Amino acid sequence: MNNDQNTQENLQQLIDKINGIDIAMMTTIDEDGSLRSRPMQTQQAKADGVLWFFTGYASAKSFEIKQDAHVNLSYAKPGDNLYVSVSGRASLSRDRQKIEELWTPAMKAWFPEGQDDPNIGLIKVTIDKAEYWDAPNSAVVHLYGMAKAALTGERPDAGENKKINL
């Protein structure tokens with residue numbers, strides 16, 4: 001298996017995990033260097049390594065992205081013991097075609113004038129690196145693993161942890 005195919009398979013696994021989680025905490029860098037996080041709904045995650053989010057074009061996060069494009073996205077699905085961290089570069093867009101493609105009626109709550117709202121914008125995040133933790137989700141599996149570890153001195157199987165560099 002060549003490295004490019006392996007990278008594509010890893011990326012597809014990552015996207016499959018992200019697609020199962022609606023909300024990410026997006027962290028940007030404020031002008032004083034402090035980190036700021038806020039919940040964002042992922043509108044699209046595809047195997048091209050690009051994630052899309054709607055945003056108020058004139059928002060604080062938009063200003064922060066213009067100053068420093070580095071962002072982190074944290075996804076969590078505790079019920080399934082799934083956690084994902086994505087590092088990437090963000091850019092702002094007002095691409096009409098992409099806005100139309102991603103638009104859902106629920107977005108009208110944020111953009112009352114619909115797709116023509118003057119403050120509507122998109123954040124495009126290109127993934128640079130990612131890491132995920134996907135542990136067995138059964139309490140029985142966890143208890144068995146903990147008991148086995150206590151008896152044998154071996155670490156319990158914490159599930160899959162993978163780092164992906166693109």
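# Notebook: strand pairing, helix α2 and the cores

I started with the pairing of β6 and β7: the two strands run antiparallel and are joined by 12 bridges. The model is a predicted one. Within this pair I noted that S93 stands opposite L122 of β7.

I then looked at β4 and β7. These strands are also antiparallel, with 7 bridges between them. One of the partners I looked up was that of V50, which is T126 in β7.

**Overall layout**

I listed the elements of the protein chain and found 4 helices and 8 strands. Read from the N terminus, their order is α-β-β-β-β-α-β-β-α-β-α-β. The protein chain has 166 residues, and 38% of them count as buried. I also looked at contacts with a separation of 6 or more: 68% of these are between residues 24 or more positions apart. For the accessible surface of the protein chain I noted about 9,800 Å², with 50% of it belonging to carbon and sulfur atoms.

**Helix α2**

Which residues of α2 are buried? In this helix, which spans residues 60-67, I found K61, S62, E64 and I65 to be buried. Seen down the axis of α2, the buried residues fall within an arc of 160 degrees, so they line one face of the helix. The general rule I had in mind is that an α-helix has 3.6 residues a turn, so residues three or four places apart point the same way. On the other side of α2 I found K66 and Q67 exposed.

What do the buried residues of α2 pack against? I noted strands β1 (23-29), β2 (35-41), β4 (50-56), β5 (70-77), β6 (82-93) and β7 (120-134).

**S62 and T55**

I took S62 next, a residue of helix α2. S62 counts as buried because its relative accessibility is 0%, and the cut-off for buried is under 20%. Its side chain has a polar atom 3.3 Å from the backbone oxygen of Y57. A polar contact of 3.0 Å also links the side chain of S62 to that of S59. Leaving aside neighbours within four places in sequence, S62 is in contact with T55, G56, Y57 and L92.

T55 lies in strand β4. With a relative accessible area of 2%, T55 is buried. The side chain of S59 came up again here, in a polar contact of 3.4 Å with the side chain of T55. Beyond four places in sequence, the contacts of T55 include K61, S62, L92 and F111. I also noted N119, I120, G121, L122 and I123 among the contacts of T55.

**L92**

L92 is in strand β6. Not counting residues up to four places away in sequence, L92 touches T55, Y57, S62, I65, K66, L122 and I123. I looked up one C-alpha distance for L92: K124 is 32 residues away in sequence and 6.3 Å away in space.

**Nonpolar cores**

How many residues does the largest nonpolar core have? I found 25, and those with the most contacts inside this core are L51, F53, L73, Y75, V86, I123 and V125. The elements giving two or more residues to this core are α1 (3-18), β1, β4, β5, β6 and β7. A second core, separate from this one, has 10 residues, including L102, W103, F111 and L122. As a general tendency, nonpolar side chains in soluble globular proteins are buried together.

I followed F53 further. Leaving aside neighbours within four places in sequence, F53 is in contact with M26, M40, Q41, T42, Q43, L73, Y75, G121, L122, I123 and V125.

**Two loop residues**

I placed D68 in the loop between α2 and β5. Is D68 buried or partly exposed? D68 counts as partly exposed because its relative accessibility is 24%. Its side chain joins that of H70 in a polar contact of 2.8 Å. From D68 to S91 the C-alpha distance is 9.6 Å, with their positions 23 residues apart in sequence numbering.

N81 lies in the loop between β5 and β6. I noted a positive phi of about 55 degrees for N81, although N81 is not a glycine. Most residues other than glycine have a negative phi.

Conventions: Residues are numbered from 1 along each chain as its sequence is written. This is a predicted model: local features need pLDDT of at least 70, side-chain atom pairs count only at pLDDT 80 or more; totals for chains, interfaces and linings use all residues. Side-chain values use heavy atoms; hydrogens and water are left out. Buried means under 20% relative accessible area, exposed over 50%, partly exposed in between (1.4 Å probe, protein chains only). The arc is that of the directions from the helix axis to the C-beta atoms. Contact means heavy atoms within 4.5 Å. Two strands pair if DSSP finds at least two bridges between them. A nonpolar core is a set of buried Ala, Val, Leu, Ile, Met, Phe, Trp, Tyr and Cys residues joined through side-chain atoms within 4.5 Å. Accessible areas come from the Shrake-Rupley method with a 1.4 Å probe; for residues, only the protein chains shown count as cover. A polar contact is a pair of N or O atoms within 3.5 Å; within protein, one must be able to donate a hydrogen and the other to accept it, and residues adjacent in sequence count only if both atoms are side-chain atoms.
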